Amino acid sequence: MSDRKPLISGNWKMNLNHFEALKLIQELSYQVTVDDMEVVDISVHPPFTDIRSVQTVLDADKLPFDLGAQHCHFEPSGAFTGEVAPSMLAKLNVLYVIVGHSERREIFGETDEMVNAKVKAILANEMTPILCCGETLDEREAGDAKTKVGNQIVAGLSGLSPEQVGGLVIAYEPIWAIGTGKTASADDAQEMCAHVRSVVAETFGEEAGQSVRIQYGGSVKPTNANELLTQPDIDGALVGGAALEAESFARIAQYRLSGPDAG
Ligand code: PGA
């Protein structure tokens with residue numbers, strides 16, 4: 001057993017306005033108990049327009065969820081129409097920022113260099129990046145999954161210290177499993193997350209490899225969460241579709257209760 005505390009993150013993507021966001025947060029607060037929070041961390045990543053409202057309710061009701069964002073720019077300020085600076089998120093008590101999600105890489109053309117600049121900017125603002133990596137189906141079938149993911153990790157973390165790397169989160173998300181209902185088998189997910197850990201250890205040292213938290217993402221649901229999240233190198237989940245409903249997200253956070261040995 002490692003002492004890495006699992007992190008269950010809800011990536012809401014471009015869903016829910018701020019009224020709907022508040023409703024989901026309230027419902028979630030009824031489903032998740034203080035006991036749950038002792039064994040897992042939970043972060044929610046609403047769209048930008050919801051973040052202030054969600055922050056207000058988390059603070060006012062002292063709810064134990066961490067606030068996250070889905071994206072940011074790497075520059076501190078300036079003429080970047082439509083973008084949001086890391087310091088603006090930090091000011092709203094955002095703790096985690098997703099970086100390099102495959103949708104941002106594929107649809108919005110984010111490169112490894114941009115991802116690396118964002119990782120550094122997020123750390124400079126004392127927030128924690130959740131760096132996403134993952135292969136396409138073609139890459140997997142061609143036997144290139146490990147190379148692709150290893151390269152994304154090395155490029156995304158370039159120039160960081162071992163201490164910085166040890167404190168961040170990496171999300172392994174096979175692209176073919178995102179939003180498709182297809183999940184990597186627990187063995188495949190474990191193999192890839194162990195690979196990510198070994199790349200980190202080789203590049204930044206054993207200590208960084210042992211302490212970095214590695215999430216699995218891609219069609220995580222209450223029914224497959226236990227099998228995936230009890231793997232030795234999987235330290236939580238990045239959840240898309242199933243995070244939009246309080247009950248399914250809470251059941252994922254409570255994955256320990258749904259295992260084969262659960263009563
Ligand atoms: P999904 O999305 O759970 O809907 O597959 C995961 C993600 O994109 O982070």
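User: What makes the residue just after H10 stand out?

Analyst: In this predicted model, Gly205 follows directly on H10 and takes a positive phi of about 105°.

User: How do you know that the span of helix H10 is close to the expected one?

Analyst: H10 runs over residues 186-204, which makes 19 residues. The rule takes 1.5 Å times one less than the number of residues, and for H10 this gives an expected 27 Å. From its first C-alpha to its last, H10 reaches 26 Å, close to that value.

User: Which residues of H10 are called buried, and what makes them so?

Analyst: The cut-off is under 20% relative accessible area. In H10 the residues that meet it include Ala189, Met192, Cys193, Val196, Val199, Val200 and Phe204, and also Gln190, His195 and Arg197. As background, an α-helix has 3.6 residues a turn, so residues three or four places apart point the same way.

User: Why is Val212 called buried?

Analyst: Val212 has 0% relative accessibility, and the cut-off is under 20%; therefore Val212 counts as buried. Val212 sits in the loop between helix H11 (206-211) and strand S7 (213-217). Beyond its neighbours within four places in sequence, Val212 is in contact with residues including Arg4, Val165, Leu168, Ile170 and Asp235. Two of its contacts, Arg197 and Val200, are among the buried residues of H10.

User: What makes helix H13 mostly covered?

Analyst: H13 spans residues 246-253, and 6 of its 8 residues are buried. They are Ala246, Ser248, Phe249, Ala250, Ile252 and Ala253. These residues pack against strands S1 (7-11), S2 (41-45) and S8 (236-239), and against helices H1 (18-31) and H12 (222-229).

User: How do you know which helix gives the largest share of the lining of the largest pocket?

Analyst: A lining residue has an atom within 4 Å of a pocket point. Helix H5 (residues 102-108) supplies 4 such residues, the largest share. The pocket holds about 430 Å³ of space. It is lined by 14 residues, of which Lys13, Met14, Gln70, Arg104 and Phe108 are the closest to its centre. By type, the lining has 7 nonpolar, 4 polar and 3 charged residues.

User: Why does the radius of gyration agree with that of a compact globule?

Analyst: For 263 residues, the value for a compact globule would be near 18 Å, and the protein chain has 17 Å, so the two agree. The C-alpha trace spans about 55 × 45 × 35 Å along its principal axes. The chain contains 13 helices and 8 strands, and 53% of its residues count as buried.

Definitions and conventions. Residues numbered from 1 in each chain as written. Predicted model: local features only at pLDDT ≥ 70, side-chain atom pairs only at ≥ 80, totals over all residues. Heavy atoms only, no water. 1 Å grid on protein atoms, 1.4 Å probe; cavity = no way out; pocket = protein on both sides within 12 Å on 5 of 7 lines; lining within 4 Å. Points joined across faces, edges and corners; volume = space filled by probe spheres on them. Helix = DSSP H or I, 4+ residues; strand = E, 2+ residues; numbered from the N terminus. Nonpolar A, V, L, I, M, F, W, Y, C, P; charged D, E, K, R; others polar. Buried < 20%, exposed > 50% of the residue type's maximum accessible area, 1.4 Å probe, protein only. Contact = heavy atoms within 4.5 Å. Rg over C-alpha atoms; globule rule 2.2 N^0.38 Å.
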